[in-house]
Amino acid sequence: MLRSCVKDTDHRKRRASFIKMKICELLKSGYSKISLVRGAAFLDCEVVLSYLLGVSKEYLLAHGDEVISEEDALLFDSYMDRIVLGEPVSYITCHKEFYGNDFFVDKRVLVPRPETEMIVEMVISFLEGVVKYADDGRKLKLVDVGTGSGCIAISIAKHFRDYLDDPLDEVFAVDVSEDALDVCRINVEQHGLENKIQPLQSDLLEFLEDDEVCDIIVANLPYIGEVENRFVEKNVEKFEPNVALFGGDDGLELYKKMFQQIKEKNVKFRLMIGEFGFAQGEKMRELLSKYFEQDEWGIYKDLAGIERMFVVKKKY
Ligand SMILES: C[S@@+](CC[C@H](N)C(=O)[O-])C[C@H]1O[C@@H](n2cnc3c(N)ncnc32)[C@H](O)[C@@H]1O
């Protein structure tokens, strides 16, 4: 009883302080609340308020004196509380931009990271330059393993959609998590790619038949180590799905398992690209030389000069 009285009083005080607040005042109050925990605090405030009001960031700046409804002001304040607790802004707004496209995201999927755009760029330049079609002239099959929101598969498929000679025939967006696949389906539909991309539940490449051709394999699998290489921010672990983060003792267990599947099933691919964590370059080299010693492979650095990607090229 006493507890709810205290709560009510607090709530009344809070309401009183938000009555007739202007956009600029609300942004300022949000900034002062989250600036201690967020580097880009003002931008976050703008992103959250423009999402809440359904207007652009430019609108907010041009209409700083506009008065906001009490309900919106209280909601904005509750979003600021969630940011203070460490929740990603993208889970509040349910949006994340990746490779120039807008994706729906929520706590069922990892928030797409900008460094992963490099996978998309590399596949696109490969398909635009080296390989237009498979050797026998058919269009190509692409598999995105650990698709999450579907950001990689969708960005690649969308890039080629309007080409007269789209090199892609079918695209499989694979994940072990049904929750993640539900989010992926939302994005596939949002981008109008239902005829091109098939979301599919599978433990890595388990769904493939022996000797199946799978021209392009892309993967951003969980790679945080549970024993070694346990480099993970507290809030990432707290808010993002653990199935999207951890990759066994050294972080590379899922890659190892996928390489083993490729070998055992004799999967025929032309290009495979994957992302791994910083400080895992040496271990990845060992794996690649063990599983793909006959093939052309390399390790690539991200824009910060850190080894983050592997590429394997193969003849069928
Ligand atoms: C690091 S997230 C990457 C998500 C998305 N591709 C991206 O780049 O933002 C890894 C994804 O792999 C999925 N995953 C984990 N274990 C898997 C497995 N054994 N087979 C297939 N997918 C798996 C997770 O559910 C998660 O969606």
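The following exchange concerns a predicted model and takes up its domains, its ligand shell and two loop residues.

Me: How far apart do the C-alpha centres of domain 1 and domain 2 lie?
Reply: The protein is divided into two parts, domain 1 covering 2–85 and domain 2 covering 108–313. The separation between their C-alpha centres is 39 Å.

Me: Which elements give two or more residues to the shell around the ligand?
Reply: Around the ligand there are 24 residues, of which Gly146, Gly148, Val176, Asn220 and Ala244 come nearest. The elements that contribute two or more residues to this shell are α8 (151–161) and β6 (168–175).

Me: How many residues of the shell around the ligand are nonpolar?
Reply: The shell divides into three classes. Two of its residues are charged and seven are polar. The nonpolar residues number 15.

Me: Is asparagine 266 buried or exposed?
Reply: Asparagine 266 lies in the loop between α11 (253–265) and β9 (271–275). Its phi is near 55 degrees, a positive value in a residue other than glycine. Within 10 Å there are 11 other C-beta atoms, and a residue with 12 or fewer takes the exposed class. Asparagine 266 is therefore exposed.

Me: Which exposure class does alanine 279 count as?
Reply: Alanine 279 is placed in the loop between β9 and α12 (281–291). Phi of alanine 279 is also positive, near 80 degrees, in a residue other than glycine. The buried class needs 20 or more other C-beta atoms within 10 Å, and the exposed class 12 or fewer. Because alanine 279 has 14 C-beta neighbours inside 10 Å, alanine 279 counts as partly exposed.

Definitions and conventions
Residues are numbered from 1 along each chain as its sequence is written. This is a predicted model: local features need pLDDT of at least 70, side-chain atom pairs count only at pLDDT 80 or more; totals for chains, interfaces and linings use all residues. A residue is near a molecule or strand if its C-beta atom, placed from the backbone, lies within 6 Å of it. Helices (H or I, at least four residues) and strands (E, at least two) are DSSP runs, numbered from the N terminus. Ala, Val, Leu, Ile, Met, Phe, Trp, Tyr, Cys and Pro count as nonpolar, Asp, Glu, Lys and Arg as charged, and the others, Gly among them, as polar. Domain bounds come from an automatic or database domain assignment.
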